[in-house]
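Visitor: Got a minute to walk me through this one? I'd like to go spot by spot.

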Amino acid sequence: SKSEIILPLVFPFVSVIERARCQLVCSHWREMVLSKGITASIDINDHVLFPLCQDTSSARDTSISSPLKPQSLSQSNCISHTTNSNASAIHPHRVLLCGLLKSSYSSLTSLVLNDFLHLNPPVDIHPTFPHLGKLKRLDISRIPLITDSTIHLISAHVGERLEVLYIKGVRGVSDDGIVQLVRSCNRLKVLDISHMHQLTDKSGVAIGQNLSELETFHARDNYKMTNNSVDVIFQNCEKLVQATFWGCIKVTRVGPDINSDASATNLVLLNLWGCIGLTDDCVARLRTLTNLHSLCVSECHKLTDKFVLEVTQLLPQLQHFQMRYLKRITDESLDAISLRMSKLFSLDLSFCTKLSIGGLNKLLLDCRSLSELRLYSCTQLNVEGQVTNGEGNSRIGGGRQLVQALRHSTLAFLDLRRCQKHQPLSRDTYFLNAMNDLGYNEVMAYLFIKKTKE
């Protein structure tokens, strides 16, 4: 029939809701719509598809005539299967989600449900997993009622196709659930298990043993994981491009064993923020990360100049280096960075209280590739200083010395907030005028961004 030719041509030009309404034309149209599916992506954060609503009780009236309201999601069914309040049991977004899922079995490739607190998985999404034959991306982060039963269904029905999975902050999933998941989802390229404090090395080791295709892995505040997990992940996940172990406080080494054949040459970004167990000796394993461009060791309080010096020797290709709260490093680290890191683009030295204006001046003069420098709360710099003899132009402050180095620097972003021992009664007009003459806008107090040339 003509409709079989015309409908597929029209579909790309109409909204998801309009595609759903096509089901109401006749049974033949309904079959065609369901065979094609009405959308490839469902995102609970899409306010066009899921408009913000204040009165959840209105769902009973507004959704009855909708083609997206599934017959199986009656009010009694919702209430009998959920532990949430009655208002959340009939939340309109749940009704709309179930209808969208049912109308997209044949087309859905991406399902994003993060932070949907009203979701009741056994009713809303469990029945759909056996039908989602094309699903590749799933985000169920921070949904309170997600448990191992949900993970088991994912493993059984969509695991072999799934490539991206976010399950951040899901506290109802155990090590056993993760083990079963990674054994089934062996094509995963992206996995985020951040804030799942209950997980141990049983999960971490299983991830390393089964996910050889993994390219991006995030584990933030998974503080029960130890070196055992990290070692296996680096040993087997050779395609890893990004790795985050933020707040994994029991980790004391990161990177492939230097005595093994494993390598992590694809790794570009490594985030070790808050791994307080790391010491200067951990740098030995970083030598194989020959393509690493971004390294974060902020709040790794045991690291000293020795670590920085060895990093500049082993990883001179670094473009982004974050060292917030490394209060043991001195100008010796700045000298090594200036000498060896010719490609460095951004550097974060916030809260590093042993650095001097002289060391920073040398950095600005010698590190010509540097574009962003963050010095937040380096109070010892005393940027605007204090009036020395009662006259506004007589000051001793680090800012005036920095200006001289900035005249020969390529820096475009400079954060000097809270770089002051005591808040001055008046601003240093000489410093501010000099910064303006160099082309810097003070977008907020002590935060300078260079004006772009038109």
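Guide: Sure. This is a predicted model. Start at Ser371, which lies in the loop between helix H15 (357-366) and strand S12 (372-374).

Visitor: Is Ser371 buried or exposed?

Guide: Ser371 is buried. Its relative accessible area is 12%, and the cut-off for buried is under 20%.

Visitor: What is Ser371 in contact with, leaving aside neighbours within four places in sequence?

Guide: Phe345, plus a run of Thr410, Leu411, Ala412 and Phe413.

Visitor: Switching topic. Which residues touch the most other members in the largest nonpolar core?

Guide: Phe245, Leu270, Phe321 and Leu349. That core has 119 residues.

Visitor: Take Leu349. What does Leu349 touch, not counting residues up to four places away?

Guide: Leu349 touches Met323, Ile329, Leu334, Leu355 and Leu360. It also touches Leu373, Arg374, Leu375 and Cys378.

Visitor: Now helix H16. How many of its residues are buried?

Guide: Seven of nine, so H16 (residues 398-406) counts as mostly covered by the under 20% cut-off.

Visitor: Which ones in H16 are buried?

Guide: Gly398, Gly399, Arg400, Leu402, Val403, Ala405 and Leu406.

Visitor: Cysteines next. How many disulfides does the structure hold?

Guide: Zero. Take Cys300: it is in no disulfide, and the nearest cysteine sulfur, that of Cys275, is 5.4 Å away.

Visitor: Why does 5.4 Å rule out a disulfide there?

Guide: Because a disulfide needs the two sulfur atoms within 2.5 Å.

Visitor: What are the relative accessible areas of Cys300 and Cys367?

Guide: Cys300 has 0%. Cys367 has 2%. Cys300 is buried, and Cys367 is buried too.

Definitions and conventions. Residues are numbered from 1 along each chain as its sequence is written. This is a predicted model: local features need pLDDT of at least 70, side-chain atom pairs count only at pLDDT 80 or more; totals for chains, interfaces and linings use all residues. Side-chain values use heavy atoms; hydrogens and water are left out. A nonpolar core is a set of buried Ala, Val, Leu, Ile, Met, Phe, Trp, Tyr and Cys residues joined through side-chain atoms within 4.5 Å. Buried means under 20% relative accessible area, exposed over 50%, partly exposed in between (1.4 Å probe, protein chains only). Contact means heavy atoms within 4.5 Å. Helices (H or I, at least four residues) and strands (E, at least two) are DSSP runs, numbered from the N terminus.
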